[in-house]
Amino acid sequence: MSKKFYITTAIPYVNAKPHIGFALEIVQADALARYHREAGDEVLFLTGTDENSLKNVQAAAKEDIATQALCDRNAAIFFDLKNALNLSFDSFIRTTEERHILGAQKLWSTCKKEDIYKKKYKGFYCVGCEAFYAEKDLTDGLCPEHKTKPDLIEEENYFFKLSNYQDELLKLIESDKYQVVPETKKNEITSFIKMGLEDFSISRSTERAHGWGVPVPGDESQIMYVWFDALSNYITALDYAGEQKLFNQFWPADVHVVGKGVIRFHAVYWPAMLLSAGLELPKELFVHGYINVGGEKMSKSLGNVIDPFELVQQYGTDAVRYYLLKQVHPVEDSDFTVEKFEEVYNADLANGLGNLISRTSNLIEKNFDGKIKTKSVKLKTNTDGFIKEYRFDSALKLIQEQITVADQMIDREKPWELVKTDTNKAEEVLTDVANKIVSIAVALKPFLPATAEKIIAQFTAAKIVKGESLFPRI
RNA sequence: CGCGGGGUAGAGCAGUUGGCAGCUCGGCAGGCCCAUAACCUGCAGGUCGCGGGUUCGAGUCCCGCCCCCGCAACCA
(Lines give C-alpha, C1' and ligand atoms only; values in the text may rest on other atoms or scores of the structure.)
Protein backbone atom coordinates (compact mmCIF):
# COMPACT_ATOMS: atom_id res chain seq x y z
CA MET A 1 0.00 0.00 0.00
CA SER A 2 1.54 3.26 -1.04
CA LYS A 3 1.28 6.38 1.04
CA LYS A 4 1.69 9.95 -0.05
CA PHE A 5 4.72 11.84 1.16
CA TYR A 6 4.96 15.60 0.73
CA ILE A 7 8.31 17.16 1.63
CA THR A 8 9.53 20.74 1.25
CA THR A 9 12.60 22.87 1.83
CA ALA A 10 12.56 26.49 2.87
CA ILE A 11 12.68 28.84 -0.09
CA PRO A 12 15.83 30.97 -0.05
CA TYR A 13 16.18 34.60 -1.06
CA VAL A 14 17.62 35.03 -4.52
CA ASN A 15 19.72 38.09 -3.83
CA ALA A 16 22.71 35.92 -2.92
CA LYS A 17 24.09 32.80 -4.54
CA PRO A 18 23.32 29.40 -3.03
CA HIS A 19 25.79 28.43 -0.33
CA ILE A 20 26.73 25.13 1.24
CA GLY A 21 24.15 25.59 4.01
CA PHE A 22 21.24 25.53 1.64
CA ALA A 23 22.90 22.64 -0.18
CA LEU A 24 22.80 20.76 3.12
CA GLU A 25 19.10 21.38 3.51
CA ILE A 26 18.14 20.40 0.02
CA VAL A 27 20.34 17.30 0.00
CA GLN A 28 18.82 16.13 3.27
CA ALA A 29 15.37 16.63 1.81
CA ASP A 30 16.43 14.84 -1.35
CA ALA A 31 17.69 11.82 0.58
CA LEU A 32 14.34 11.61 2.37
CA ALA A 33 12.39 12.00 -0.86
CA ARG A 34 14.42 9.29 -2.55
CA TYR A 35 14.10 7.00 0.42
CA HIS A 36 10.33 7.30 0.36
CA ARG A 37 10.16 6.75 -3.39
CA GLU A 38 12.18 3.57 -2.95
CA ALA A 39 9.70 2.51 -0.32
CA GLY A 40 6.94 2.90 -2.89
CA ASP A 41 5.39 6.06 -1.51
CA GLU A 42 3.83 8.68 -3.74
CA VAL A 43 6.31 11.51 -3.23
CA LEU A 44 6.06 15.20 -3.92
CA PHE A 45 9.28 17.06 -3.21
CA LEU A 46 9.05 20.84 -3.44
CA THR A 47 11.63 23.59 -3.37
CA GLY A 48 11.76 27.08 -4.85
CA THR A 49 12.75 30.69 -4.38
CA ASP A 50 11.52 33.62 -2.31
CA GLU A 51 11.59 36.64 -4.59
CA ASN A 52 9.37 39.28 -3.05
CA SER A 53 12.00 40.85 -0.86
CA LEU A 54 12.84 44.50 -1.01
CA LYS A 55 16.48 43.45 -1.21
CA ASN A 56 15.88 42.30 -4.76
CA VAL A 57 14.52 45.69 -5.72
CA GLN A 58 17.64 47.33 -4.31
CA ALA A 59 20.01 44.84 -5.92
CA ALA A 60 18.33 45.27 -9.30
CA ALA A 61 18.49 49.04 -9.03
CA LYS A 62 22.20 48.84 -8.37
CA GLU A 63 22.69 46.80 -11.53
CA ASP A 64 20.23 48.98 -13.39
CA ILE A 65 18.05 46.08 -14.49
CA ALA A 66 14.43 45.21 -13.88
CA THR A 67 13.72 43.50 -10.58
CA GLN A 68 12.01 40.62 -12.32
CA ALA A 69 15.03 40.16 -14.59
CA LEU A 70 17.30 39.91 -11.57
CA CYS A 71 15.01 37.34 -10.01
CA ASP A 72 14.80 35.33 -13.21
CA ARG A 73 18.55 35.19 -13.50
CA ASN A 74 19.19 34.27 -9.89
CA ALA A 75 16.34 31.81 -9.54
CA ALA A 76 17.85 29.92 -12.47
CA ILE A 77 21.05 29.51 -10.47
CA PHE A 78 19.14 27.94 -7.61
CA PHE A 79 17.36 25.67 -10.04
CA ASP A 80 20.75 24.56 -11.35
CA LEU A 81 21.43 22.91 -8.02
CA LYS A 82 19.25 20.16 -9.40
CA ASN A 83 21.98 19.10 -11.78
CA ALA A 84 24.92 19.92 -9.58
CA LEU A 85 23.62 17.93 -6.62
CA ASN A 86 21.53 15.40 -8.54
CA LEU A 87 18.33 16.47 -6.80
CA SER A 88 15.01 14.82 -7.41
CA PHE A 89 12.59 17.62 -6.58
CA ASP A 90 9.34 17.36 -8.51
CA SER A 91 8.26 20.93 -8.25
CA PHE A 92 9.93 24.32 -8.06
CA ILE A 93 7.93 27.36 -7.01
CA ARG A 94 8.88 30.98 -7.44
CA THR A 95 6.97 33.50 -5.41
CA THR A 96 6.68 35.87 -8.35
CA GLU A 97 4.62 33.32 -10.27
CA GLU A 98 0.98 34.05 -10.70
CA ARG A 99 -0.15 30.78 -9.13
CA HIS A 100 1.72 31.82 -6.02
CA ILE A 101 0.45 35.39 -5.91
CA LEU A 102 -3.13 34.24 -6.32
CA GLY A 103 -2.63 31.54 -3.72
CA ALA A 104 -1.11 33.88 -1.16
CA GLN A 105 -4.00 36.27 -1.65
CA LYS A 106 -6.49 33.46 -1.31
CA LEU A 107 -4.88 32.37 1.95
CA TRP A 108 -5.05 35.94 3.22
CA SER A 109 -8.71 36.20 2.33
CA THR A 110 -9.48 32.84 3.87
CA CYS A 111 -8.03 33.77 7.26
CA LYS A 112 -10.67 34.64 9.82
CA LYS A 113 -11.75 38.26 9.49
CA GLU A 114 -11.11 38.96 13.15
CA ASP A 115 -7.50 37.75 12.89
CA ILE A 116 -6.40 40.47 10.49
CA TYR A 117 -6.77 44.04 11.61
CA LYS A 118 -5.36 47.46 10.82
CA LYS A 119 -3.11 49.24 13.24
CA LYS A 120 -1.11 52.42 13.18
CA TYR A 121 2.56 51.75 13.53
CA LYS A 122 5.05 54.42 14.44
CA GLY A 123 8.77 53.97 14.14
CA PHE A 124 12.14 55.28 13.15
CA TYR A 125 12.59 54.73 9.47
CA CYS A 126 15.98 54.96 7.78
CA VAL A 127 15.63 55.81 4.12
CA GLY A 128 19.06 54.37 3.34
CA CYS A 129 18.26 51.00 4.84
CA GLU A 130 14.60 51.18 3.88
CA ALA A 131 13.88 49.64 7.24
CA PHE A 132 12.42 50.48 10.61
CA TYR A 133 14.57 50.57 13.69
CA ALA A 134 13.58 50.20 17.29
CA GLU A 135 14.74 53.09 19.41
CA LYS A 136 17.18 50.87 21.31
CA ASP A 137 18.89 49.79 18.10
CA LEU A 138 19.81 53.33 17.15
CA THR A 139 23.23 54.60 18.07
CA ASP A 140 22.96 58.09 19.52
CA GLY A 141 19.65 58.43 17.75
CA LEU A 142 21.25 57.69 14.40
CA CYS A 143 21.01 54.78 12.02
CA PRO A 144 23.86 52.39 12.91
CA GLU A 145 24.47 51.75 9.23
CA HIS A 146 24.24 55.18 7.64
CA LYS A 147 24.86 57.44 10.63
CA THR A 148 21.93 59.53 9.57
CA LYS A 149 18.94 60.65 11.54
CA PRO A 150 16.01 58.37 10.79
CA ASP A 151 12.57 59.80 10.12
CA LEU A 152 9.87 59.25 12.66
CA ILE A 153 7.08 58.06 10.45
CA GLU A 154 3.68 56.66 11.06
CA GLU A 155 2.13 54.05 8.86
CA GLU A 156 -1.03 52.03 8.98
CA ASN A 157 -0.42 48.33 8.40
CA TYR A 158 -2.30 45.08 8.75
CA PHE A 159 -1.52 42.92 11.74
CA PHE A 160 -2.17 39.28 12.38
CA LYS A 161 -3.70 38.32 15.69
CA LEU A 162 -1.12 35.77 16.68
CA SER A 163 -2.13 36.10 20.31
CA ASN A 164 -5.40 34.32 19.46
CA TYR A 165 -3.49 31.13 18.80
CA GLN A 166 -1.03 30.98 21.64
CA ASP A 167 -2.73 28.23 23.63
CA GLU A 168 -3.70 26.16 20.64
CA LEU A 169 -0.21 26.29 19.14
CA LEU A 170 1.37 25.30 22.40
CA LYS A 171 -0.92 22.31 22.68
CA LEU A 172 -0.32 21.21 19.09
CA ILE A 173 3.42 21.35 19.43
CA GLU A 174 3.67 19.86 22.90
CA SER A 175 1.49 16.94 21.88
CA ASP A 176 3.54 16.42 18.67
CA LYS A 177 0.46 16.84 16.51
CA TYR A 178 2.78 19.25 14.80
CA GLN A 179 6.06 17.59 15.67
CA VAL A 180 9.19 19.68 15.90
CA VAL A 181 12.40 17.67 15.51
CA PRO A 182 14.83 17.60 17.25
CA GLU A 183 13.55 17.74 20.80
CA THR A 184 15.85 20.64 21.72
CA LYS A 185 14.27 22.83 19.07
CA LYS A 186 10.82 21.79 20.19
CA ASN A 187 11.67 22.92 23.71
CA GLU A 188 13.04 26.16 22.39
CA ILE A 189 9.84 26.92 20.55
CA THR A 190 7.48 25.91 23.33
CA SER A 191 9.30 28.14 25.77
CA PHE A 192 9.14 30.94 23.24
CA ILE A 193 5.40 30.51 22.93
CA LYS A 194 5.02 30.46 26.69
CA MET A 195 6.75 33.81 26.88
CA GLY A 196 3.72 35.19 25.10
CA LEU A 197 3.08 35.84 21.44
CA GLU A 198 2.70 39.32 20.07
CA ASP A 199 0.68 40.14 17.00
CA PHE A 200 2.88 40.76 14.01
CA SER A 201 2.74 43.06 11.05
CA ILE A 202 1.77 41.32 7.82
CA SER A 203 1.87 44.22 5.40
CA ARG A 204 3.76 47.35 4.52
CA SER A 205 2.84 50.29 2.39
CA THR A 206 3.08 49.77 -1.35
CA GLU A 207 5.23 52.86 -1.51
CA ARG A 208 7.73 51.52 0.98
CA ALA A 209 7.79 48.19 -0.88
CA HIS A 210 8.37 49.99 -4.17
CA GLY A 211 5.33 48.17 -5.48
CA TRP A 212 7.26 44.88 -5.32
CA GLY A 213 5.49 41.93 -3.76
CA VAL A 214 2.05 40.46 -3.40
CA PRO A 215 -0.69 43.09 -3.14
CA VAL A 216 -3.03 42.74 -0.21
CA PRO A 217 -6.39 41.70 -1.63
CA GLY A 218 -8.81 44.59 -1.66
CA ASP A 219 -6.28 47.19 -0.58
CA GLU A 220 -3.89 48.50 -3.18
CA SER A 221 -2.09 50.68 -0.70
CA GLN A 222 -0.55 47.62 0.98
CA ILE A 223 1.87 44.86 0.03
CA MET A 224 2.11 41.63 2.00
CA TYR A 225 4.92 41.19 4.43
CA VAL A 226 7.35 38.80 2.72
CA TRP A 227 7.02 36.04 5.26
CA PHE A 228 3.27 35.91 4.99
CA ASP A 229 3.52 35.34 1.28
CA ALA A 230 6.65 33.18 1.40
CA LEU A 231 5.24 30.63 3.83
CA SER A 232 2.20 30.14 1.70
CA ASN A 233 4.41 28.66 -1.04
CA TYR A 234 3.92 25.26 0.55
CA ILE A 235 0.27 25.31 -0.53
CA THR A 236 0.35 27.65 -3.52
CA ALA A 237 2.66 25.15 -5.22
CA LEU A 238 -0.17 22.62 -4.83
CA ASP A 239 -2.45 24.78 -6.91
CA TYR A 240 -4.24 26.04 -3.85
CA ALA A 241 -5.60 28.97 -5.84
CA GLY A 242 -6.80 26.80 -8.69
CA GLU A 243 -8.32 23.39 -8.98
CA GLN A 244 -6.52 22.06 -5.92
CA LYS A 245 -5.99 18.58 -7.27
CA LEU A 246 -2.48 18.41 -5.85
CA PHE A 247 -3.61 20.19 -2.73
CA ASN A 248 -6.24 17.59 -2.03
CA GLN A 249 -3.80 14.80 -2.71
CA PHE A 250 -0.75 16.02 -0.83
CA TRP A 251 -1.68 18.52 1.85
CA PRO A 252 -0.82 18.48 4.74
CA ALA A 253 2.94 18.35 4.29
CA ASP A 254 4.59 15.36 5.89
CA VAL A 255 7.69 17.36 6.68
CA HIS A 256 9.07 20.84 6.21
CA VAL A 257 12.87 20.81 6.23
CA VAL A 258 14.24 24.13 7.49
CA GLY A 259 17.31 25.71 9.04
CA LYS A 260 17.39 26.76 12.64
CA GLY A 261 17.20 30.43 11.73
CA VAL A 262 13.65 30.21 10.50
CA ILE A 263 12.04 28.01 13.14
CA ARG A 264 9.73 30.68 14.47
CA PHE A 265 8.19 31.35 11.13
CA HIS A 266 7.57 27.69 10.58
CA ALA A 267 6.63 26.65 14.08
CA VAL A 268 4.56 29.67 15.07
CA TYR A 269 3.50 32.03 12.27
CA TRP A 270 2.81 29.39 9.66
CA PRO A 271 0.65 27.06 11.74
CA ALA A 272 -1.20 30.08 13.14
CA MET A 273 -1.98 31.25 9.60
CA LEU A 274 -3.20 27.80 8.68
CA LEU A 275 -5.37 27.54 11.76
CA SER A 276 -6.90 30.88 10.96
CA ALA A 277 -7.64 29.74 7.43
CA GLY A 278 -9.10 26.47 8.69
CA LEU A 279 -6.46 24.37 6.94
CA GLU A 280 -4.65 21.32 8.21
CA LEU A 281 -1.25 21.69 9.81
CA PRO A 282 1.93 20.06 8.51
CA LYS A 283 2.90 16.93 10.40
CA GLU A 284 6.55 17.57 11.09
CA LEU A 285 9.14 20.31 11.12
CA PHE A 286 12.68 19.05 10.80
CA VAL A 287 15.26 21.62 11.84
CA HIS A 288 18.83 21.13 10.68
CA GLY A 289 21.92 22.88 12.04
CA TYR A 290 24.23 25.37 10.42
CA ILE A 291 27.57 24.89 8.74
CA ASN A 292 30.41 27.02 9.98
CA VAL A 293 33.63 27.37 8.06
CA GLY A 294 36.87 26.93 9.94
CA GLY A 295 35.09 27.77 13.18
CA GLU A 296 33.61 30.99 11.86
CA LYS A 297 30.11 31.77 10.80
CA MET A 298 29.79 31.90 7.04
CA SER A 299 29.43 35.47 5.89
CA LYS A 300 30.01 37.54 2.85
CA SER A 301 32.06 40.07 4.75
CA LEU A 302 34.43 37.36 5.94
CA GLY A 303 34.55 35.99 2.43
CA ASN A 304 34.40 32.42 3.66
CA VAL A 305 31.20 31.38 1.94
CA ILE A 306 31.47 27.91 0.44
CA ASP A 307 29.95 27.59 -3.01
CA PRO A 308 28.39 24.18 -3.61
CA PHE A 309 28.91 24.47 -7.37
CA GLU A 310 32.65 24.85 -6.93
CA LEU A 311 32.81 21.90 -4.56
CA VAL A 312 30.89 19.72 -6.96
CA GLN A 313 33.09 20.75 -9.83
CA GLN A 314 36.19 19.82 -7.92
CA TYR A 315 35.11 16.66 -6.11
CA GLY A 316 31.97 15.42 -7.81
CA THR A 317 28.31 15.38 -6.90
CA ASP A 318 28.23 12.28 -4.77
CA ALA A 319 31.32 13.26 -2.82
CA VAL A 320 29.60 16.48 -1.81
CA ARG A 321 26.36 14.70 -0.99
CA TYR A 322 28.30 12.18 1.06
CA TYR A 323 30.06 14.84 3.07
CA LEU A 324 26.84 16.72 3.76
CA LEU A 325 24.99 13.63 4.88
CA LYS A 326 27.68 11.64 6.64
CA GLN A 327 30.04 14.19 8.13
CA VAL A 328 27.72 17.09 8.85
CA HIS A 329 25.63 16.53 11.94
CA PRO A 330 21.96 16.51 10.96
CA VAL A 331 20.83 18.87 13.70
CA GLU A 332 23.85 20.30 15.47
CA ASP A 333 26.05 22.96 13.94
CA SER A 334 29.04 21.53 12.12
CA ASP A 335 32.33 22.86 10.91
CA PHE A 336 33.46 22.68 7.31
CA THR A 337 37.04 22.77 6.13
CA VAL A 338 38.53 21.63 2.84
CA GLU A 339 41.04 19.53 4.79
CA LYS A 340 38.24 17.68 6.56
CA PHE A 341 36.38 17.23 3.32
CA GLU A 342 39.37 15.64 1.65
CA GLU A 343 40.10 13.49 4.67
CA VAL A 344 36.59 12.06 4.65
CA TYR A 345 36.67 11.65 0.89
CA ASN A 346 39.86 9.63 1.01
CA ALA A 347 38.98 7.58 4.06
CA ASP A 348 35.40 6.62 3.23
CA LEU A 349 34.96 6.99 -0.50
CA ALA A 350 38.38 6.29 -2.02
CA ASN A 351 39.90 3.84 0.47
CA GLY A 352 36.58 2.45 1.63
CA LEU A 353 33.86 2.11 -0.96
CA GLY A 354 35.92 2.78 -4.09
CA ASN A 355 38.72 0.42 -3.21
CA LEU A 356 36.34 -2.37 -2.21
CA ILE A 357 34.59 -2.14 -5.56
CA SER A 358 37.93 -2.05 -7.30
CA ARG A 359 39.52 -5.08 -5.63
CA THR A 360 36.38 -7.20 -5.83
CA SER A 361 35.57 -6.49 -9.47
CA ASN A 362 39.21 -7.07 -10.32
CA LEU A 363 39.25 -10.48 -8.63
CA ILE A 364 36.08 -11.50 -10.42
CA GLU A 365 37.19 -10.28 -13.81
CA LYS A 366 40.67 -11.79 -13.65
CA ASN A 367 39.75 -15.18 -12.18
CA PHE A 368 36.24 -15.90 -13.36
CA ASP A 369 36.13 -13.93 -16.57
CA GLY A 370 33.62 -11.63 -14.85
CA LYS A 371 31.04 -14.40 -14.58
CA ILE A 372 29.61 -14.32 -11.10
CA LYS A 373 25.88 -14.20 -10.49
CA THR A 374 24.79 -11.75 -7.83
CA LYS A 375 21.60 -10.96 -6.05
CA SER A 376 20.71 -8.32 -3.53
CA VAL A 377 20.64 -9.71 -0.05
CA LYS A 378 19.30 -7.91 2.94
CA LEU A 379 21.92 -6.21 5.04
CA LYS A 380 21.87 -7.44 8.59
CA THR A 381 21.89 -3.89 9.73
CA ASN A 382 19.07 -1.77 8.50
CA THR A 383 19.20 1.97 7.95
CA ASP A 384 15.44 2.58 8.02
CA GLY A 385 15.29 3.48 11.68
CA PHE A 386 18.01 6.05 11.36
CA ILE A 387 16.52 7.63 8.28
CA LYS A 388 13.17 8.01 9.96
CA GLU A 389 14.95 9.84 12.78
CA TYR A 390 16.77 12.03 10.26
CA ARG A 391 20.09 10.50 11.34
CA PHE A 392 21.67 10.40 7.93
CA ASP A 393 25.09 10.35 9.55
CA SER A 394 24.30 7.22 11.56
CA ALA A 395 22.73 5.50 8.57
CA LEU A 396 25.85 6.06 6.50
CA LYS A 397 28.05 4.97 9.35
CA LEU A 398 26.16 1.70 9.37
CA ILE A 399 26.77 1.26 5.67
CA GLN A 400 30.42 2.12 6.17
CA GLU A 401 30.66 -0.70 8.70
CA GLN A 402 29.33 -3.10 6.10
CA ILE A 403 32.07 -2.03 3.73
CA THR A 404 34.60 -2.90 6.41
CA VAL A 405 32.92 -6.26 6.93
CA ALA A 406 33.29 -6.97 3.21
CA ASP A 407 36.96 -5.97 3.31
CA GLN A 408 37.45 -8.28 6.27
CA MET A 409 35.82 -11.16 4.43
CA ILE A 410 38.23 -10.74 1.54
CA ASP A 411 41.25 -10.52 3.82
CA ARG A 412 40.18 -13.55 5.81
CA GLU A 413 39.27 -15.82 2.90
CA LYS A 414 42.04 -14.73 0.54
CA PRO A 415 40.21 -15.52 -2.71
CA TRP A 416 43.37 -14.77 -4.74
CA GLU A 417 44.91 -17.88 -3.13
CA LEU A 418 41.76 -19.97 -3.22
CA VAL A 419 41.55 -19.72 -6.98
CA LYS A 420 44.70 -21.81 -7.14
CA THR A 421 43.54 -24.52 -4.76
CA ASP A 422 39.76 -24.54 -4.52
CA THR A 423 37.94 -22.75 -7.33
CA ASN A 424 34.50 -23.53 -5.97
CA LYS A 425 35.30 -22.03 -2.62
CA ALA A 426 36.78 -18.97 -4.29
CA GLU A 427 33.65 -18.50 -6.33
CA GLU A 428 31.52 -18.87 -3.24
CA VAL A 429 33.49 -16.23 -1.37
CA LEU A 430 33.44 -13.76 -4.25
CA THR A 431 29.73 -14.31 -4.73
CA ASP A 432 29.19 -13.50 -1.08
CA VAL A 433 31.23 -10.36 -1.31
CA ALA A 434 29.60 -9.27 -4.56
CA ASN A 435 26.15 -9.81 -3.10
CA LYS A 436 27.12 -7.74 -0.17
CA ILE A 437 28.32 -4.98 -2.46
CA VAL A 438 25.01 -4.97 -4.32
CA SER A 439 23.19 -4.71 -1.02
CA ILE A 440 25.40 -1.87 0.09
CA ALA A 441 24.69 -0.08 -3.17
CA VAL A 442 20.96 -0.53 -2.68
CA ALA A 443 21.24 0.97 0.78
CA LEU A 444 23.21 3.88 -0.67
CA LYS A 445 20.56 4.80 -3.23
CA PRO A 446 18.96 7.68 -1.31
CA PHE A 447 22.34 9.15 -0.41
CA LEU A 448 24.56 8.59 -3.46
CA PRO A 449 22.07 7.86 -6.22
CA ALA A 450 24.45 7.95 -9.20
CA THR A 451 27.17 5.93 -7.50
CA ALA A 452 24.65 3.37 -6.28
CA GLU A 453 23.27 2.90 -9.78
CA LYS A 454 26.75 2.54 -11.21
CA ILE A 455 27.68 -0.15 -8.71
CA ILE A 456 24.46 -2.03 -9.18
CA ALA A 457 24.87 -1.99 -12.95
CA GLN A 458 28.46 -3.14 -12.64
CA PHE A 459 27.75 -6.04 -10.31
CA THR A 460 24.57 -7.31 -11.93
CA ALA A 461 26.03 -7.29 -15.43
CA ALA A 462 26.48 -10.56 -17.32
CA LYS A 463 30.18 -9.90 -17.16
CA ILE A 464 31.57 -8.06 -14.19
CA VAL A 465 34.58 -5.94 -15.14
CA LYS A 466 36.79 -3.70 -13.14
CA GLY A 467 36.05 -0.37 -14.81
CA GLU A 468 37.22 3.02 -13.71
CA SER A 469 37.77 4.17 -10.16
CA LEU A 470 34.62 5.53 -8.59
CA PHE A 471 36.49 7.88 -6.30
CA PRO A 472 40.15 8.43 -7.18
CA ARG A 473 42.30 9.32 -4.21
CA ILE A 474 43.07 12.96 -3.73
C1' C B 1 20.05 40.68 32.09
C1' G B 2 17.21 36.82 28.86
C1' C B 3 17.21 32.28 25.56
C1' G B 4 20.01 28.43 23.11
C1' G B 5 24.42 25.36 21.91
C1' G B 6 29.13 23.69 23.27
C1' G B 7 33.67 22.17 26.60
C1' U B 8 35.14 13.77 25.68
C1' A B 9 42.69 10.58 23.20
C1' G B 10 47.68 14.82 19.54
C1' A B 11 43.67 17.00 15.88
C1' G B 12 38.42 16.75 14.45
C1' C B 13 34.09 14.70 16.29
C1' A B 14 29.98 10.47 17.98
C1' G B 15 28.05 9.00 22.33
C1' U B 16 19.51 7.47 21.73
C1' U B 17 16.10 5.41 27.33
C1' G B 18 22.19 6.22 33.25
C1' G B 19 25.25 -0.13 32.75
C1' C B 20 32.84 -2.29 30.78
C1' A B 21 34.33 5.32 27.04
C1' G B 22 33.79 5.00 20.82
C1' C B 23 34.73 6.84 15.45
C1' U B 24 37.89 9.22 11.65
C1' C B 25 42.69 11.23 10.79
C1' G B 26 47.56 11.08 12.78
C1' G B 27 51.59 7.93 15.68
C1' C B 28 53.81 2.97 16.61
C1' A B 29 54.21 -2.41 15.55
C1' G B 30 52.77 -6.49 12.59
C1' G B 31 50.06 -9.07 8.47
C1' C B 32 48.54 -9.30 3.33
C1' C B 33 50.20 -8.58 -1.60
C1' C B 34 43.54 -9.13 -4.86
C1' A B 35 42.96 -3.63 -4.76
C1' U B 36 42.86 3.41 -5.67
C1' A B 37 50.90 3.21 -1.68
C1' A B 38 44.76 1.04 -0.85
C1' C B 39 42.97 -3.48 2.77
C1' C B 40 43.31 -6.42 7.61
C1' U B 41 45.18 -7.14 12.88
C1' G B 42 47.15 -5.21 17.30
C1' C B 43 49.28 -1.23 20.51
C1' A B 44 49.96 3.62 22.67
C1' G B 45 47.08 7.91 24.02
C1' G B 46 41.19 10.29 28.05
C1' U B 47 40.91 12.53 36.15
C1' C B 48 34.65 12.74 29.63
C1' G B 49 35.71 21.82 31.79
C1' C B 50 35.63 22.38 37.66
C1' G B 51 33.05 21.31 42.41
C1' G B 52 29.07 19.01 44.85
C1' G B 53 24.56 15.69 44.83
C1' U B 54 21.03 11.44 43.43
C1' U B 55 22.14 6.09 42.42
C1' C B 56 24.38 -0.52 43.30
C1' G B 57 26.30 2.31 39.05
C1' A B 58 26.73 9.19 35.99
C1' G B 59 30.09 11.57 29.91
C1' U B 60 24.73 10.63 30.45
C1' C B 61 20.09 12.91 35.67
C1' C B 62 20.00 17.30 39.60
C1' C B 63 22.48 21.89 41.83
C1' G B 64 26.49 25.53 41.70
C1' C B 65 30.73 27.60 39.19
C1' C B 66 34.44 28.63 35.10
C1' C B 67 35.52 29.21 29.85
C1' C B 68 33.95 29.31 24.28
C1' C B 69 30.18 30.32 20.60
C1' G B 70 25.45 31.72 18.55
C1' C B 71 20.51 34.13 18.97
C1' A B 72 17.69 38.38 20.95
C1' A B 73 11.43 38.40 15.92
C1' C B 74 12.09 39.14 8.38
C1' C B 75 19.72 34.62 8.32
C1' A B 76 19.71 27.49 5.41
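This report describes a few local features of a predicted model.

**Helix α3 and the cysteines**

Helix α3 covers residues 67–79, 13 residues in total. At 1.5 Å a residue these should span 18 Å, and the end C-alpha atoms are indeed 18 Å apart, so the expected and computed lengths agree. The buried residues of α3 are T67, L70, C71, N74, A75 and F78. Viewed down the axis of α3, these buried residues fall within an arc of 120°, so they line one face of the helix. A general rule helps here: an α-helix has 3.6 residues a turn, so residues three or four places apart point the same way. The elements that cover the buried residues of α3 include α1 (20–38), β2 (42–49), α2 (54–63), α4 (81–84) and β3 (91–94).

C71, one of the buried residues of α3, has a relative accessible area of 0%. C111 is also buried, at 3% relative accessibility. The structure holds zero disulfides. In general, a disulfide is a covalent bond between the sulfur atoms of two cysteines.

**T190 in helix α7**

T190 belongs to helix α7, residues 183–194. Is T190 buried or exposed? T190 counts as buried because its relative accessible area is 7%, and the cut-off for buried is under 20%. A polar atom of the T190 side chain lies 3.0 Å from the backbone oxygen of N187. Leaving aside residues up to four places away in sequence, T190 touches L170, I173 and E174.

**A sheet of three strands**

Three strands form an open sheet in the order β9-β11-β10, with antiparallel pairing. Its edge strands are β9 (203–205) and β10 (215–216), each of which pairs on one side only. Between β10 and β11 (residues 219–224) there are two bridges. P215 has I223 in β11 as its bridge partner.

**Backbone features in loops**

Two peptide bonds that lead into a proline are cis: V181 to P182, with omega near 0°, and W251 to P252, with omega about 5°. P182 sits in the loop between β7 (179–181) and α7, while P252 is in the loop between α10 (245–250) and β12 (255–259).

The table lists two residues with positive phi, neither of them a glycine.

| Residue | Phi | Loop | Relative accessible area |
|---|---|---|---|
| D176 | near 65° | between α6 (166–174) and β7 | 32%, partly exposed |
| H210 | about 55° | between β9 and β10 | 48%, partly exposed |

Definitions and conventions
Residues numbered from 1 in each chain as written. Chains lettered and ligands numbered in written order. Predicted model: local features only at pLDDT ≥ 70, side-chain atom pairs only at ≥ 80, totals over all residues. Heavy atoms only, no water. Disulfide = S-S within 2.5 Å. Buried < 20%, exposed > 50% of the residue type's maximum accessible area, 1.4 Å probe, protein only. Helix = DSSP H or I, 4+ residues; strand = E, 2+ residues; numbered from the N terminus. Expected span 1.5 Å × (residues − 1). Arc of directions from axis to C-beta. Contact = heavy atoms within 4.5 Å. Polar contact = N/O pair within 3.5 Å; in protein donor to acceptor, adjacent residues only side chain to side chain. Pairing = 2+ DSSP bridges.
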